[in-house]
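I opened this entry to keep a record of what I looked up in the structure. The notes go from the whole chain down to single residues.

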Amino acid sequence: DHLWIYGLAAIAVSIMAYGASFSESFVNKYPMYKYAGASSFDFWSWELMYAAQFLGLEFFFRGTWIKSLERTMGSAAIAAMVVPYCMIHFGKPFPETIGAILAGTALGTLAVKSRSIWPGFLVHVTVAISMDLAALARKGELFGG
């Protein structure tokens, strides 16, 4: 029932990633693997490993963390999860760190309502791929370009 919301979120963050690609701090940070643009093999190998990291992140923050605190804290478990979730974004471009508060709250709320981390995982992977593609294109380094 909530899948359409995740679809809209994926589209919105892809557009934001494109907009962010005009920022020097964004282009300097992404992709985090400096050879991601060398070839399509390098890019997709990197994205696959990056996606595995997001699976762990979603499982921990939107799965284990919220589920374990929800019984005692109710919806405040989402706010408790957002604080360290935002903190793992320290050192990234400032708008992304601030965006993590909004995204963490939204994905946490949807995870509670849908009882699933999978749509949030897919949104996270969509964001990562969009950000890396936008940054590589902006730098002219997309697939060896």
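**Surface and overall form**

I looked up the surface before anything else: the accessible surface of the protein comes to about 8100 Å², and 72% of it belongs to carbon and sulfur atoms. Accessible areas here come from the Shrake-Rupley method with a 1.4 Å probe, and for residues only the protein chains shown count as cover.

This is a predicted model, in which local features need pLDDT of at least 70 and side-chain atom pairs count only at pLDDT 80 or more, while totals for chains, interfaces and linings use all residues. Residues are numbered from 1 along each chain as its sequence is written, and side-chain values use heavy atoms, with hydrogens and water left out.

I noted six helices and zero strands in the protein. Helices (H or I, at least four residues) and strands (E, at least two) are DSSP runs, numbered from the N terminus.

I then checked the dimensions. The C-alpha trace spans about 50 × 25 × 25 Å along its principal axes. The radius of gyration is 16 Å, which agrees with the value near 15 Å for a compact globule of 145 residues. That radius is taken over C-alpha atoms, and the globule rule is 2.2 Å times the number of residues to the power 0.38.

Of the 145 residues, 39% are buried. Buried means under 20% relative accessible area, exposed over 50%, and partly exposed in between (1.4 Å probe, protein chains only). Among contacts with a separation of 6 or more, 72% are between residues 24 or more positions apart; contact means heavy atoms within 4.5 Å.

**Cores**

Which residues have the most contacts inside the largest nonpolar core? I found Phe-26, Tyr-30, Tyr-50, Phe-54, Val-125 and Met-131, in a core of 24 residues. The elements giving two or more residues to this core are α1 (3-20), α2 (24-29), α3 (40-73), α5 (94-114) and α6 (118-139). The largest share, 10 residues, comes from α6. A nonpolar core is a set of buried Ala, Val, Leu, Ile, Met, Phe, Trp, Tyr and Cys residues joined through side-chain atoms within 4.5 Å.

I followed Val-125 further: not counting residues up to four places away in sequence, Val-125 touches Ala-51 and Phe-54. Apart from this core lies another, of nine residues, among them Leu-57, Ile-66, Val-82 and Tyr-85.

**Two buried residues**

I looked up Ile-78, which lies in helix α4 (residues 76-87). Ile-78 counts as buried because its relative accessible area is 9%. Leaving aside neighbours within four places in sequence, Ile-78 is in contact with Ile-66, Gly-104, Thr-105, Gly-108, Thr-109 and Val-112. Ile-78 and Phe-61 are 17 residues apart in sequence and 9.1 Å apart in space, C-alpha to C-alpha.

Thr-97 is in helix α5, and I list Thr-97 as buried, with a relative accessible area of 6%. With neighbours within four places in sequence left aside, Thr-97 is in contact with Cys-86, His-89, Phe-90 and Lys-92.

**Backbone in the loops**

Most residues other than glycine have a negative phi, and most peptide bonds are trans. I noted a cis peptide bond joining Tyr-30 and Pro-31, with omega about -15 degrees. Pro-31 is in the loop between α2 and α3.

Arg-115, in the loop between α5 and α6, has a positive phi, near 60 degrees. Is Arg-115 buried or exposed? Arg-115 counts as exposed, at 55% relative accessibility.
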